[in-house]
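Me: I'd like a close look at one part of this model, the spot where the ligand sits. Could you walk me through what is around it and what kind of space it occupies?

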Amino acid sequence: MAPMLRLYNTLTGAKDIFAPIDPRHVRMYACGPTVYDAAHIGNARPIIVFDLLFRLLRHLYGPEHVTYARNVTDVDDKINARAAQRGITIRELTDGTLAQFHRDIRDLGILMPEDVNHPGAPARLIEPRATDHIAEMAAMIEGLVATGHAYVADGHVLFDVPSMPDYGRLSKRPLDEMEAGARVEVAPYKRSPLDFVLWKPSKPGEPSWPSPCGIAAPGRPGWHIECSAMSAKHLGQTFDIHAGGIDLIFPHHENEVAQSRCCFGTPVMAHVWLHNGFLQVEGEKMSKSLGNFITIREVLNDWSGEVVRLNMLKTHYRQPIDWTLRGLEESSRMLERWYASAGDAPAASATPDSVLAPLLDDLNTPAALAELHRLDTPEALRAGARLFGFLDQTRSERERSRIDASGIDVAAVEDLIAARRDARAAKDWAASDRARDALQAMGVAVKDNKDGTTTWTVTKPPPP
Ligand code: AMP
Ligand code: ZN
């Protein structure tokens with residue numbers, strides 16, 4: 001039996017004991033990015049947090065018993081507009097931005113399909129794309145019309161919200177409040193202001209597919225239906241965990257629940273709903289529309305992916321994070337200390353309980369990281385760090401790969417260190433400072449040891 005994991009469930013409003021439907025096949029889904037442009041560091045938060053959950057579940061239930069689907073939204077109004085503006089197809093646009101996204105998250109140390117999927121075995125990490133699932137969406141839409149939960153109006157198919165008595169259970173919003181919110185701009189073809197689009201007509205030139213429900217003109221899906229269709233296809237009509245940022249609770253997740261439950265006649269869509277808090281800049285959500293964003297790549301130009309991931313996990317996933325330079329500097333120092341303490345020691349065979357226990361308590365990463373600091377052997381530190389995907393390399397391996405990746409001229413570094421040593425011996429402090437400055441400019445930090453030797457490390461992350 002796996003140790004007991006508790007997760008804060010938005011659906012019940014409580015920290016529930018996690019009990020998978022089938023412990024031999026734990027299934028989770030996370031709503032991923034809309035790939036019209038480079039992802040910002042706020043988008044990296046759910047990716048990092050739910051990657052940690054995936055690692056933890058693999059640890060608890062066995063790697064072959066966990067399936068994780070994280071989707072990619074590759075059709076939407078912003079994508080369509082951007083592709084039209086560039087004169088390319090949406091597939092060309094999203095293939096490019098998705099490739100960039102993959103480079104970004106791989107550099108953050110996120111598990112990738114090629115890391116966990118094995119030929120001949122079922123895929124455990126899936127990245128379904130919306131446009132590859134149009135037929136599944138159309139089938140669900142037809143099912144919803146057939147069961148009286150959706151209707152065709154003016155070339156659209158709309159979900160009939162009042163047909164679902166417990167709509168709003170996830171976000172816990174009173175119906176009248178949601179109605180007041182929806183009333184701002186009500187399309188004339190909607191029966192209720194809360195009804196939302198499952199399918200809509202495409203204007204000439206916009207991406208389109210044959211419409212369901214006997215609608216003659218081609219069209220395209222609304223946003224929410226993709227996740228209902230893709231999760232059902234890859235994980236089943238009911239599955240264990242559904243995750244995303246808190247901005248998705250309403251309307252996106254509420255509408256996913258409505259579609260899936262009404263189409264399949266199930267009492268729940270996912271048992272556990274997890275939502276990460278916002279990454280903020282000066283108290284405001286980082287977002288494309290506010291313009292207060294930095295891309296993942298920009299952050300990775302200055303910091304290693306490991307520092308960025310640690311900086312994200314220092315804060316509990318449900319709390320807001322303020323993204324600051326000071327936080328990154330602190331995370332970088334923390335990692336350096338760990339690399340120094342773990343040295344070249346191998347990992348202990350057992351994962352330290354002191355680190356695992358806080359993670360089992362709703363992914364309490366700040367407490368788990370504090371426990372990592374307290375471990376008293378290098379072997380235990382490495383084993384504890386591995387649970388997070390940190391310290392994959394030994395100190396020597398890391399040093400070697402940093403030097404290789406930095407393109408630093410090792411002979412030039414050693415010459416400068418020798419010149420500095422000679423200058424110091426001759427008490428020529430100006431020359432010694434010049435050598436140190438030259439090393440610093442190369443991205444090299446020197447350290448004079450007690451035994452009289454001088455060692456050096458690379459301070460800059462490798463160029464992208
Ligand atoms: P989007 O591409 O905007 O649909 O976002 C993709 C994922 O990133 C969703 O799960 C969002 O909830 C999440 N997200 C977007 N902005 C932030 C932010 N500032 N902080 C945390 N998560 C975010
Ligand atoms: Zn979704």
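Reply: Let's begin with the neighbours: in this predicted model, ligand 1 is surrounded by 18 residues, and the closest ones are Thr34, Gly245, Asp247, Leu279 and Met286. If you sort that shell by class, you get seven nonpolar, nine polar and two charged residues.

Now zoom in on some polar contacts. Met286 uses a backbone N or O atom, which lies 2.9 Å from a nitrogen atom of ligand 1. Gly245 also brings in its backbone: a polar atom there is 3.2 Å from an oxygen atom of the ligand. With Asn276 it's the side chain, which has a polar atom 3.4 Å from a nitrogen atom of ligand 1. As for how covered the ligand is, on its own ligand 1 would expose 490 Å², and the protein buries 88% of that.

Next, the space itself. Ligand 1 occupies the second largest pocket, which holds about 1000 Å³ of space. There are 47 residues lining this pocket, and those nearest its centre are Gly32, Thr34, Asn43, Asp247 and Leu248. By class, the lining has 20 nonpolar, 15 polar and twelve charged residues.

Which helix gives the largest share of the lining? That's helix 1, with four residues. Helix 1 covers 44-61, and several other elements also supply at least two lining residues each, including helix 2 (77-86), helix 7 (225-235), strand 4 (66-70) and strand 9 (219-221). Strand 10 (239-245) is on that list too, and its range takes in Gly245, the residue whose backbone we met beside the ligand's oxygen.

Definitions and conventions. Residues are numbered from 1 along each chain as its sequence is written. Chains are lettered from A and ligands numbered from 1 in the order in which they are written. This is a predicted model: local features need pLDDT of at least 70, side-chain atom pairs count only at pLDDT 80 or more; totals for chains, interfaces and linings use all residues. Side-chain values use heavy atoms; hydrogens and water are left out. A residue is near a molecule or strand if one of its heavy atoms lies within 4 Å of it. A polar contact is a pair of N or O atoms within 3.5 Å; within protein, one must be able to donate a hydrogen and the other to accept it, and residues adjacent in sequence count only if both atoms are side-chain atoms. Accessible areas come from the Shrake-Rupley method with a 1.4 Å probe; for residues, only the protein chains shown count as cover. On a 1 Å grid over the protein atoms alone, a cavity is a set of points where a 1.4 Å probe fits but cannot get out, and a pocket is an open set with protein on both sides within 12 Å along at least five of seven lines; lining residues have an atom within 4 Å of a point. A molecule sits in a cavity or pocket if more than half of its atoms lie within 2 Å of its grid points. Ala, Val, Leu, Ile, Met, Phe, Trp, Tyr, Cys and Pro count as nonpolar, Asp, Glu, Lys and Arg as charged, and the others, Gly among them, as polar. Grid points are joined across faces, edges and corners, and a volume is the space filled by probe spheres set on the points.
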